[in-house]
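Here is a walk through one protein model, starting with its strands and ending with its empty spaces. Keep the 3D view open and follow along.

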Amino acid sequence: MAKIELREYQTRALDMLYAWFEKNATGHPVLNMPGGSGKSVVIASLAKDALQNWPDTRILMLVHSKELILQNADKLRRLWPDAPFGIYSASVGKRQLDEPITYAGIGSVANRSKEIGHIDLCIIDEVHAVSTAESGIYRKLIADLLKINPAMRIVGLSASPYRLGQGLITEGPTAIFSDILEPVSIQELVSKAHLVPLRSKITNHKLDTDGLHKRQGEYIASEMEAKFNTDDHNGAVVEEIIERANNREHWLIFCSGVAHSEAVAKCLRGAGILAESLDATHSKSERERKLADFESGRMRAICSVGILTTGYDFPALDCIAFLRSTMSPGLYLQMAVRGMRPHLGKTDCLVLDFAAVVATHGPITHVRPPNKKGEKEGAAPVKV
């Protein structure tokens, strides 16, 4: 197992964090780091520094998915092979709370503050999942842990530290986070070849959102699927994907619903492209089989809905197609950055934007945080 060496910007992130704590006796900061920048390495190094400098420290790392728990745990093992840590997650099949460091799934520990006990440092990956309002499972657990130890400090990490309809996660009278630190940008990561650029193409076929209604700031999924999932749309989209991505090996296609995903996969197979649909209804074994076929190259395209947006790390991915719209800049970032991880022989990732996602939010280097509820939407910084 290769040992991890921190990159310069990862060390910079930790230095900024420690300097912030020196200046602020209270409060909770957020590290805004792009997808693919190695947040899990920063988390591991933070935990190691804290425990080695203060041996009695108890650390809880929280995240919302099994994949992210395992990715974060793997980085901690590689950075610090003798790290005294346990995992508490029903989906992983482990319930370990006896070590100084615990990596946990929020769904498994949300109601277990008494069993967790005293925590000095709580680290939350994908922290945009934490509401600025006093609601939700993250806020409940945080409140319970602060009752046990009012001096507990919280560090959040996210590529998109904002929430649809709420704005930045530091805004509002009940927001728990105090400040956002930005140690590195997507531009810097691309310029240093830590990420590859996206190559966005204007498509001939369009999936327009005219007439779609919104709920809580986002398009109503059932309406969007009903409008986008037609034989005419699917046939035209598949034809254009095949034409434009014929020199690409791995196509990830984001669809608007389960039926839409299955229909597009069927249409691709009808055109001679081996493809399958993947969504949250599939079993663990079925999901693993399909991803293995996709990543090995046995299957060229995978049509996804509701998953593969966070925590999916497949560097060889070289084509992304948007067959769904979103008003969430965070979701746009999460989807687009899947294709930016570097891989041998890969110079860029092709983005086929049939649903005007890029036009809505702007290029990935200039995404604007969402407005607060009631604020008017401005024009995205886009040049065709």
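Strand S3 (residues 85–89) runs parallel to S5, and four bridges join the two. If you want a spot to zoom in on, find Ile-87: its bridge partner in S5 is Tyr-103. Keep in mind that you are looking at a predicted model.

S5 also has a partner in S2, again running parallel, with five bridges between them. Here Leu-60 has Thr-102 as its bridge partner in S5. Then S2 (residues 59–63) pairs with strand S6 (residues 121–125), in the parallel sense, over four bridges. Leu-60 turns up again here, with Cys-122 as its bridge partner in S6.

Here are those pairings side by side.

| Strand pair | Bridges | Example of bridge partners |
|---|---|---|
| S3 and S5 | four | Ile-87 and Tyr-103 |
| S2 and S5 | five | Leu-60 and Thr-102 |
| S2 and S6 | four | Leu-60 and Cys-122 |

What holds strands together like this? Strands of a sheet pair through backbone hydrogen bonds, either parallel or antiparallel.

Now zoom out. Eight strands make up an open sheet, and their order is S4-S3-S5-S2-S6-S7-S1-S10, with mixed pairing. At the edges sit strand S4 (94–95) and strand S10 (179–181), each pairing on one side only. Helix H2 packs on this sheet and touches strand S1 (29–32), S2, strand S5 (101–105), S6 and strand S7 (153–158). The direction of H2 makes about 175° with that of S6. Helix H6 (residues 137–148) lies across S2, S6 and S7, and it runs at about 170° to S2.

Back to S5 for a moment: how many of its residues are buried? Five of its five, so the strand is mostly covered. In a regular strand the side chains alternate between the two faces of the sheet. Both faces of S5 are covered, with Ile-101, Tyr-103 and Gly-105 buried on one side and Thr-102 and Ala-104 buried on the other.

Let's visit the edge strand S10, where Ile-180 lies. Is Ile-180 buried or exposed? Its relative accessibility is 19%, and buried means under 20%, so Ile-180 counts as buried. Leaving out residues up to four places away in sequence, Ile-180 touches Val-30, Asn-32, Pro-161, Leu-168 and Thr-170. For a sense of distance, look at Asn-53: it is 127 residues from Ile-180 along the chain, and their C-alpha atoms are separated by 25 Å.

Next, two residues with an unusual backbone angle. Most residues other than glycine have a negative phi. Glu-126 is not a glycine, yet it has a positive phi of about 55°. You'll find Glu-126 in the loop between S6 and H6, and at 4% relative accessibility it counts as buried. Ala-193 also has a positive phi, near 65°. Ala-193 sits in the loop between helix H7 (186–191) and strand S11 (198–201). Unlike a buried residue, Ala-193 is exposed, with a relative accessible area of 52%.

Helix H12 (residues 329–336) is worth a look too. Seven of its eight residues are buried, so the helix is largely enclosed by the rest of the structure. The buried ones are Pro-329, Gly-330, Tyr-332, Leu-333, Gln-334, Met-335 and Ala-336. What do they pack against? Their neighbours are strand S8 (162–163), H7, S11, strand S14 (251–254), strand S17 (319–322) and helix H13 (357–361).

Finally, the empty spaces. Rolling a probe the size of a water molecule over the atoms shows where empty space is left. The second largest pocket holds about 650 Å³ of space. It is lined by 30 residues, and the closest to its centre are Gly-36, Gly-38, Lys-75, Asp-313 and Arg-341. Helix H2 (39–53) and helix H3 (66–79) are the elements that give two or more residues to this lining. H3 provides the largest share, five residues. By class, the pocket lining divides into nine nonpolar, eleven polar and ten charged residues.

As for cavities, a search of the whole structure finds one of 30 Å³ or more. The largest cavity has a volume of about 30 Å³. Its lining consists of Arg-58, Leu-60, Leu-97, Thr-102, Ile-116 and Ile-119, which split into four nonpolar, one polar and one charged. You have met Leu-60 and Thr-102 before, as bridge partners.

Conventions
Residues are numbered from 1 along each chain as its sequence is written. This is a predicted model: local features need pLDDT of at least 70, side-chain atom pairs count only at pLDDT 80 or more; totals for chains, interfaces and linings use all residues. Side-chain values use heavy atoms; hydrogens and water are left out. On a 1 Å grid over the protein atoms alone, a cavity is a set of points where a 1.4 Å probe fits but cannot get out, and a pocket is an open set with protein on both sides within 12 Å along at least five of seven lines; lining residues have an atom within 4 Å of a point. Grid points are joined across faces, edges and corners, and a volume is the space filled by probe spheres set on the points. Ala, Val, Leu, Ile, Met, Phe, Trp, Tyr, Cys and Pro count as nonpolar, Asp, Glu, Lys and Arg as charged, and the others, Gly among them, as polar. Two strands pair if DSSP finds at least two bridges between them. Contact means heavy atoms within 4.5 Å. Axes are lines fitted to C-alpha atoms, for helices over the stretch in contact, and angles run from 0 to 180 degrees between N-to-C directions. Buried means under 20% relative accessible area, exposed over 50%, partly exposed in between (1.4 Å probe, protein chains only).
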